[in-house]
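Visitor: I should like to understand the reasoning behind the terms applied to this structure. Please take me through them one at a time.

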Amino acid sequence: MCGIISYIGKSNATQVLLNGLKRLEYRGYDSAGIAVNDGPHNSFVILKSVGRVETLAEIANQKKMQGSVGIGHTRWATHGEICEVNAHPHCSSDGKIILVHNGVIENYVPLKNFLLKEGFSFKSDTDSEVLCNLIAYHYGRLHALMPSKRFLESVRTSLLEVQGTYGIVALCKDCPQEMIGSKKSSPLVLGIHEDELFLASDVGAFAGHTKDAVFLDDNEIIHIQGKNFSIQDFSNVPISPNVETIDWDVNFTHLGHYSHYMQKEIFEQPAALDNTIRGRFSQDDSTAHLGGLRMSAHELRQVDRLLLLGCGTAYNACLVAENLIERYARIPVEVECASEFRYRNAPLEKNTLVFVVSQSGETIDTLAALRESQRKGFRTLAITNVVGSTIARESDGGIYQRSGPEIGVASTKAFTGQVCTLAMLALYLGRMRGMSFSEGCNFVSALKSLSTLASQVLDACDTPIKSLAEAYAHYEHFLFLGRQILYPIALEGALKLKELSYIHAEAYPAAELKHGPIALVDEKYPSLFLATDPLLLPKTIGNMMEVKARKGKVIAIGIEGVEIPSKAYDDIIYLPQMCEAILPIITVLPLQLFAYYVALERHCDVDKPRNLAKSVTVE
Ligand code: F6R
């Protein structure tokens with residue numbers, strides 16, 4: 001979703017901002033803009049464009065701007081259509097304040113009405129321009145103060161009047177060597193490098209410049225003056241910065257020999273899964289080491305129920321985990337969409353342990369669910385991929401999935417990393433309860449075999465799945481069917497296909513077919529069956545035959561050595577034999593490849609599917 005990068009230093013701000021915006025592209029956006037101090041009398045020049053950052057770069061490079069202070073933004077439209085006027089940065093109608101904003105100002109209508117009466121005018125339909133004019137209004141009102149103090153005070157007062165979420169960076173015409181930032185439920189991080197400072201929504205935006213960062217907390221205001229900065233809360237109480245060193249790979253945006261980030265990330269899964277489990281097993285006790293949970297074995301044994309919360313793909317990972325944890329640790333598990341949980345006021349039993357799962361660690365619904373559960377006194381742990389993300393910092397403990405940066409908007413390696421992390425949790429909890437030493441050993445070996453198996457399956461499936469995708473890409477509908485632990489994998493396969501190729505895809509537990517969806521089946525409506533669960537295979541084969549009897553095409557994913565009669569399918573992909581605990585992780589791989597190749601066949605932008613954003617920071 002929207003991204004922010006701002007810079008104050010000695011280099012050419014335009015180039016720093018454009019590079020930062022390029023690094024933020026993966027979040028999903030529809031327009032971009034920058035403001036740089038390059039006008040007459042050190043005033044700010046604002047440039048915007050609809051579409052890709054390259055278009056903005058072409059416009060900016062023609063201007064040959066020399067300024068060394070500026071702010072940049074990628075916008076993912078919420079209030080107002082996709083057009084230049086609605087793109088950020090916004091400038092107040094009196095020309096004093098320039099602002100970039102992530103998030104949503106919920107009370108923008110009454111504020112706008114008030115500002116119109118005060119003589120301010122609006123060019124855009126955005127809530128962000130309202131905040132910009134509000135800061136300018138207070139700036140005008142506080143004329144008795146010196147410019148620097150006046151700027152800070154006007155931002156502080158304005159933010160006390162807005163409801164909603166924000167990550168902002170503001171500039172002021174009267175203080176061209178200053179900038180002010182603040183955040184509420186939308187990330188903002190300071191990057192520090194000698195005489196240069198960066199303020200961004202994402203550490204990746206200043207990757208390559210510095211690894212030293214300060215993550216701002218909600219309700220803090222940072223005031224940058226040249227190469228100095230100070231942080232304070234809304235009562236003007238100073239806050240000492242906690243400088244953290246970020247461990248990142250600056251090359252994460254390089255595609256290497258891959259054509260798309262999604263393809264790269266699919267094939268990175270063997271290495272990513274290795275990373276997730278590395279150093280986390282104890283062979284002697286045949287269990288996992290998950291110290292980040294910050295809970296003793298005694299405390300964990302008191303837990304009567306787990307509640308797992310996430311959105312989209314993370315929610316599907318939670319559904320897989322429900323099955324794994326109930327089966328291996330014998331603890332009842334509930335799974336809920338984080339977006340629903342936060343408003344449902346669900347009655348939770350006293351000894352419930354809550355886990356939120358989020359790749360980005362910034363998803364607003366998941367963050368709100370975390371806060372709601374903490375508000376009610378429940379210990380709330382997190383599984384996240386992004387170190388230092390808001391969810392990671394606000395949770396009471398958790399596990400980093402260590403899948404590495406995921407740039408493709410559709411989640412692939414983050415999903416398998418989440419399931420793998422949750423599988424380790426099932427093992428850890430299981431070994432504290434009824435799971436035997438030998439069961440634990442088998443579980444550990446299965447997880448350790450994941451990387452090799454994933455690599456084999458990806459290599460073996462790539463070409464056959466590509467051919468399958470060519471044959472099926474023209475269909476407009478698809479059913480995905482699986483049972484038990486594979487039902488969430490059917491959901492994930494359908495989600496990937498619809499996100500990437502815009503084909504209508506639905507997922508059901510296979511036995512539900514007869515209770516409704518079979519009415520859809522005809523020669524134009526193919527079904528993909530996950531027939532890798534040996535226990536229920538005869539029943540699944542029966543369901544496949546029912547589809548075939550109605551002229552529906554059937555693709556099956558089966559297991560080598562487990563026979564499926566050839567009349568039950570049109571096409572089949574075989575996976576190697578494996579332990580049931582890792583079946584979901586391996587079974588999803590051909591589905592990811594299928595969605596990828598079908599999308600390519602349909603000429604879709606696989607890395608940036610329409611309307612989607614990587615980090616969903618608005619409700
Ligand atoms: C689907 C996808 C989304 C995310 C969802 C939650 O491919 O990527 O459904 O899984 O928006 O995102 P995180 O995990 O960052 O909270």
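Visitor: What makes the pairing of Val409 with the ligand a polar contact?

Guide: In this predicted model, a backbone N or O atom of Val409 lies 3.4 Å from an oxygen atom of the ligand. The cut-off for such a pair of N or O atoms is 3.5 Å, so the pair qualifies as a polar contact.

Visitor: Which atoms of Gln359 and Glu499 approach the ligand, and at what distances?

Guide: Gln359 places a polar backbone atom 2.6 Å from an oxygen atom of the ligand. Glu499 uses a polar side-chain atom, which lies 2.8 Å from a ligand oxygen atom. Both distances are within 3.5 Å, and therefore both pairs count as polar contacts.

Visitor: How much of the ligand does the protein bury?

Guide: Taken alone, the ligand exposes 410 Å², of which the protein buries 90%. There are 15 residues around the ligand, and Ser358, Gln359, Ser360, Thr363 and Glu499 come nearest.

Visitor: Why is the pair Arg393 and Asp217 called a salt bridge?

Guide: The side chains of Arg393 and Asp217 meet at 2.9 Å, N to O. The rule asks for a side-chain nitrogen of Lys or Arg within 4 Å of a carboxyl oxygen of Asp or Glu, so this pair satisfies it.

Visitor: How many salt bridges and polar contacts join domain 1 and domain 2?

Guide: Across that interface the rule finds two salt bridges. The count of residue pairs in polar contact between domain 1 and domain 2 is three. On the side of domain 1 that touches domain 2, four residues are nonpolar, two polar and three charged.

Visitor: What area do domain 1 and domain 2 bury between them?

Guide: They bury about 780 Å², with 53% of it on carbon and sulfur atoms. Within domain 1, Tyr26, Ser185 and Phe215 lose the most area to domain 2, together 56% of what that side buries.

Terms used. Residues are numbered from 1 along each chain as its sequence is written. This is a predicted model: local features need pLDDT of at least 70, side-chain atom pairs count only at pLDDT 80 or more; totals for chains, interfaces and linings use all residues. Side-chain values use heavy atoms; hydrogens and water are left out. Buried area is the accessible area (1.4 Å probe) that two parts lose on being put together, summed over both. A polar contact is a pair of N or O atoms within 3.5 Å; within protein, one must be able to donate a hydrogen and the other to accept it, and residues adjacent in sequence count only if both atoms are side-chain atoms. Ala, Val, Leu, Ile, Met, Phe, Trp, Tyr, Cys and Pro count as nonpolar, Asp, Glu, Lys and Arg as charged, and the others, Gly among them, as polar. A residue is near a molecule or strand if one of its heavy atoms lies within 4 Å of it. Accessible areas come from the Shrake-Rupley method with a 1.4 Å probe; for residues, only the protein chains shown count as cover.
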